[in-house]
Amino acid sequence: MRLLGLAISCCVLLMDGLLIWRGVRSCCVRLFPLFYAYILYDFSSTGGAYLVYWVQPSWHASVYWFCYVLSIIVEFAILVEISDHIFQPFPAIRSLGRAITIIISGVLGLSYVLPAIFQSQGMQKALFDFALRTSITKAVILAVLFIATRHFDLELGRNVAGLMLGFSIYLGVNVATFAASHSTAPTPYARILWVVSPLAYIVCLLVWTRALWQVAPLPITCSIPPSVSGDSKTVAVELA
């Protein structure tokens, strides 16, 4: 199990490094700064924990869990990045996506996530509840953003769609994994569940790498139907 964990960490480091390198080459870093800030944090924390494992093994567990809990919080930056780009072509509602993300995060954080931490008995159960409920919160935000894109009939570019797809895979597996672990006794099956989430994250990184390999132009969205001619009265009637 330990060797498998080290192998997964190496894969994450390689994928993070590839994403950063390609993002700089393709200028995606400038378009998705919050996303690449998260990837840089993930690369640094994974590499740092890996280094601690070899230099000071007795500290590894503490460093790993600290970085893990912090990464759960930092992952919200991905949702903010996605929400910013969904409504980017529309200046009038450009801030709507970020507002949706912040409001849902705040409401569910105060009413759903924090009570689980304070009411849980023991550190392990509190960590389980925190990881499960934050994953559900992120999944809810992602679902609401997707519904908003359908409601406003918005076209997602390949970059943003790839971010949403990869994160959806990761969150879906996380919710299933933590829910199963939460209701399963400490058996070998429950221990295997801890491997599933990192493997899903590698799949997520693969999807992100493919989606952000190069900058994809946003689909052209016409606010006025093409069938309308240049006549101002016709345009006014059509908009009404």
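**Entry 1. Helix 4**

I began with the length of helix 4 (residues 60–74): at 1.5 Å a residue, its 15 residues should span 21 Å, and the end C-alpha atoms lie 20 Å apart, which agrees. The model I am reading is a predicted one.

I then asked which residues of helix 4 are buried. They are Cys67, Tyr68, Ser71 and Ile72. These residues cover an arc of only 145 degrees around the axis, so they sit on the same side of helix 4. On the other side of helix 4, I found Ser62 and Phe66 exposed.

**Entry 2. Helix 3 and its packing on helix 4**

I repeated the length check on helix 3, whose 23 residues should span 33 Å at 1.5 Å a residue; the end C-alpha atoms are 32 Å apart, which agrees. I listed the buried residues of helix 3, among them Phe35, Tyr36, Ile39, Asp42 and Thr46.

How do the axes of helix 3 and helix 4 cross, and within what distance do they come? I read a crossing angle of roughly 170 degrees, with the axes coming within 9 Å. Angles over 145 degrees count as roughly antiparallel, and helix 3 and helix 4 are therefore roughly antiparallel to each other.

I noted the residues that make this contact: Tyr38, Tyr41, Ser45, Ala49, Val52 and Tyr53 from helix 3, and His60, Val63, Cys67, Leu70, Ser71 and Val74 from helix 4. Of the helix 4 residues in the contact, I had already recorded Cys67 and Ser71 as buried. For helix 3, the list of buried residues includes Tyr38, Tyr41, Ser45, Ala49, Val52 and Tyr53.

**Entry 3. The chain as a whole**

I counted 10 helices and zero strands in the chain. Of the 240 residues, 39% count as buried. Taking contacts between residues at least 6 apart in sequence, I found that 76% join residues at least 24 apart.

**Entry 4. Nonpolar cores**

I looked up which members of the largest nonpolar core touch the most other members. Of its 36 residues, these are Phe32, Phe35, Ile82, Ile86, Phe167, Leu205 and Trp208. The elements that give two or more residues to this core are helix 1 (2–26), helix 3 (33–55), helix 5 (76–86), helix 6 (96–119), helix 7, helix 8 (158–183) and helix 9 (188–211). I also recorded a second, separate core of eight residues, which includes Tyr68, Ile72, Val113 and Phe178. Tyr68 and Ile72 are also among the buried residues of helix 4.

I followed Ile82 further: leaving aside neighbours within four places in sequence, Ile82 is in contact with Leu142, Leu145, Val160, Leu163 and Met164.

**Entry 5. Lys138**

I asked whether Lys138, in helix 7 (residues 123–151), is buried or exposed. Its relative accessible area is 1%, so Lys138 is buried. Neighbours within four places in sequence aside, I found Lys138 in contact with Ile72, Glu75, Phe76, Leu79, Phe167 and Leu171. Two of these contacts recur in my notes on the cores: Ile72 belongs to the second core, and Phe167 to the largest.

**Entry 6. Phe152**

I located Phe152 in the loop between helix 7 and helix 8. With a relative accessible area of 37%, Phe152 is partly exposed. Not counting residues up to four places away in sequence, Phe152 touches Phe87, Ile93 and Leu96. For the pair Phe152 and Phe87, I recorded a separation of 65 residues in sequence and 9.5 Å in space, C-alpha to C-alpha.

Definitions and conventions
Residues numbered from 1 in each chain as written. Predicted model: local features only at pLDDT ≥ 70, side-chain atom pairs only at ≥ 80, totals over all residues. Heavy atoms only, no water. Buried < 20%, exposed > 50% of the residue type's maximum accessible area, 1.4 Å probe, protein only. Contact = heavy atoms within 4.5 Å. Expected span 1.5 Å × (residues − 1). Arc of directions from axis to C-beta. Core = buried A, V, L, I, M, F, W, Y, C linked by side-chain atoms within 4.5 Å. Axes fitted to C-alpha atoms, helices over the stretch in contact; angles between N-to-C directions. Parallel < 35°, antiparallel > 145°, perpendicular 65-115°, else oblique.
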